[in-house]
Amino acid sequence: MANSKYEYVKSFEVEDEIVLPHVIVVRLHARDYLRFCKAHELRRPYDEEALDLMNSCAEFVQRKYPDILFSYGFNDEYSFVFKKKTKFYERRASKIFSLITSCFTSVFVDKWKEFLSGRELKYPPSFSGQVIVCATVDVLQHYLAWRQHECYIANQYSACFWALVSHGRTEKEAEDILKDTKKQEQNEMLHQQFNINYNNLPKIFRWGSCVLLMEVEAIVKYDKDGCPVKRLKKQISTVHSQDIARRTFWNQKPSLVKELGSFVEDIKRIDKDYIKYFQSEAKLMPYTWAVIRIDGCHFHKFADVHKFEKPNDEQALKLMNECAVGVLDEFREVIFSYGVSDEYSFILKRSSHLQRTNPSDIVSSVVSFFTSMYVMKWKAFFPLTDLVCQPSFDGRVVCYPSTEILRDYLSWRQVDCHINNQYNTCFWMLVKSGKSRSDAQQILKGTQSQEKMELLANNFGIDYNTIGEMLRLGSSAFWEEENGCSKIVVQHCNIIDDGFWGAHPCILA
């Protein structure tokens, strides 16, 4: 297909490949989890059904992506450890953390009723994620020790806090009572005031959960006498261990030692410099236009499985637009978005406070929320079609230094929309007329726009210019003032020419 004059904008994309032999860890956690817990009346200090849901999501992610060898989670977070030599997504950080976060979110929404059947999912849950790069297995060991230590601290505090609240204290009073208390003091409070032995609380709550590939004995068949024949079989399992960063746990797992290496010494104290490193990340370039672009992952397969109409399924496109509207409503710093097919671009206002946060948080949060909306809204657009497999998206953020270059980026996407839609319309009309896919590709090879328009008109009686504007021009979602009120609108219009921007000067002001 032909290139456009706007292709140069790709030069602003920054490569974020993680070089070998660094170990890749993706850490994700829920956004505004306290609000989510209150809205869905999750039991406190822990809701075992919600924890089981988190573990089930982690197991699914690990089965889907075998390069993930080990994962650890507690409360509202999970960390996924990849094998050292993984080539997953060409080791591009933004692609990796956004895809894993999206996949986890998709499964979380899809499995909600399975684990919390009595509680309606009231609004789209979402997660943010980031990549932690561990140069050595020693750094990885410190990371895991840090997260499990945080599990212990957070959950012991939570046990005390909710015990106080359940016995009549306000949340503010409970916070004041627990301020600056140490581990031993909290233990004594639980035991003396509430007759609770913290060590007797469920392991899933105190220690967190590990998901890893284990060898388990399984029945493979029965002999002629009806006796079971057992063999060792590898399967993804969830376990709860007190010391995941100790040699007694890690070095007993052959798959972990083989792919990542063994732990040489146990960690006596977590170095604060490591924690600073795990929490550090570069910020976006200030005073630029930041664009978050998300793309469907393996959406050709997803479309085939769900029998989308070819060349375009208007219901699928309307679902994408609905998700984009949801993003604009959730993230008020997004001032404009443009989408076509299985992709959407979201523009942050140039003075956005989000530019002062971690880029991975911004991208993963938008991707996760979009994914969550997609799964939750599926039945509204496909009432007769079950969601057979979970959709997932990846994303990245690119900063453009001027309004002119930003508009060239949007023009590039709309030109691509036209090129791809015109080609796909011709391709699928040829296939539906009896041509094989390879024949259709050969017929269209090297053809220009005018030739494709003539092919459609002469062979199929189709005037390309009368095809729906959503298909030819894509969709733009943005805030608009009407009668003194702001609302989100979706339009299908030419955003390359000056006319649109002249009619909406406030968007890029």
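This short presentation walks through selected features of one protein chain. The model is a predicted one, and I shall begin with what the sequence record says about it.

UniProt, in an unreviewed entry, annotates two kinds of domain here. The annotation "domain: tRNAHis guanylyltransferase catalytic" covers residues 6-134 and 273-401. In the model, residues 6-134 are 36% helix and 22% strand, with the end C-alpha atoms 38 Å apart. For residues 273-401 the figures are 42% helix and 22% strand, and the end C-alpha atoms lie 34 Å apart.

The unreviewed UniProt entry also places "domain: Thg1 C-terminal" at residues 139-223 and 405-483. Residues 139-223 are 61% helix and 16% strand, and 49 Å separates their end C-alpha atoms. Residues 405-483 are 67% helix and 10% strand, with the end C-alpha atoms 32 Å apart.

Let me turn to individual helices. Helix α3 takes in residues 93-115. At 1.5 Å a residue, its 23 residues should span 33 Å, and the end C-alpha atoms are 31 Å apart, which agrees. Where does α3 bend? The bend is at Val-109, by about 35 degrees. As for its surroundings, 19 of the 23 residues of α3 are buried, so the helix is largely enclosed by the rest of the structure.

Helix α12, residues 314-330, can be checked in the same manner. Its 17 residues, at 1.5 Å each, should span 24 Å; the end C-alpha atoms are 24 Å apart, in agreement. Which residue caps the N-terminal end of α12? That residue is Asp-313, whose side chain places an oxygen 3.1 Å from the backbone nitrogen of Gln-315. Several residues within α12 are buried, among them Leu-317, Met-320, Asn-321, Cys-323 and Leu-328.

I come next to a single residue, Asn-55, which belongs to helix α2, residues 48-64. Is Asn-55 buried or exposed? With a relative accessible area of 7%, Asn-55 is buried, because buried means under 20%. The side chain of Asn-55 makes a polar contact of 3.1 Å with the side chain of Ser-209. Leaving aside residues up to four places away in sequence, Asn-55 touches Tyr-78, Ile-204, Ser-209, Val-211, Thr-238 and His-240. Ser-209 therefore appears both in the polar contact and among the residues touched, as contact means heavy atoms within 4.5 Å.

Now to the cysteines. How many disulfides does the model contain? With sulfur atoms required to lie within 2.5 Å of each other, the count comes to zero. Cys-103 is in no disulfide, and the nearest cysteine sulfur, that of Cys-297, is 8.6 Å away. Cys-103 has a relative accessibility of 1%, so this residue counts as buried. Why is Cys-151 not bonded to Cys-210? The sulfur of Cys-210 is the closest cysteine sulfur to that of Cys-151, yet the separation is 9.8 Å, too far for a bond. Cys-151 is likewise buried, with a relative accessible area of 0%.

I close with Gln-450, in helix α16, residues 449-460. Its relative accessibility is 49%, so Gln-450 counts as partly exposed. Along the chain, Gln-450 and Ser-262 are 188 residues apart, and their C-alpha atoms are separated by 63 Å.

To summarise: α3 is largely enclosed and bends at Val-109, α12 is capped by Asp-313, Asn-55 is in polar contact with Ser-209, and the disulfide count is zero. Thank you for your attention.

Terms used: Residues numbered from 1 in each chain as written. Predicted model: local features only at pLDDT ≥ 70, side-chain atom pairs only at ≥ 80, totals over all residues. Heavy atoms only, no water. Helix = DSSP H or I, 4+ residues; strand = E, 2+ residues; numbered from the N terminus. Expected span 1.5 Å × (residues − 1). Bend = angle between axes of the 7 residues up to and from the residue. Buried < 20%, exposed > 50% of the residue type's maximum accessible area, 1.4 Å probe, protein only. Polar contact = N/O pair within 3.5 Å; in protein donor to acceptor, adjacent residues only side chain to side chain. UniProt positions renumbered as here; feature names shortened; annotations may be inferred.
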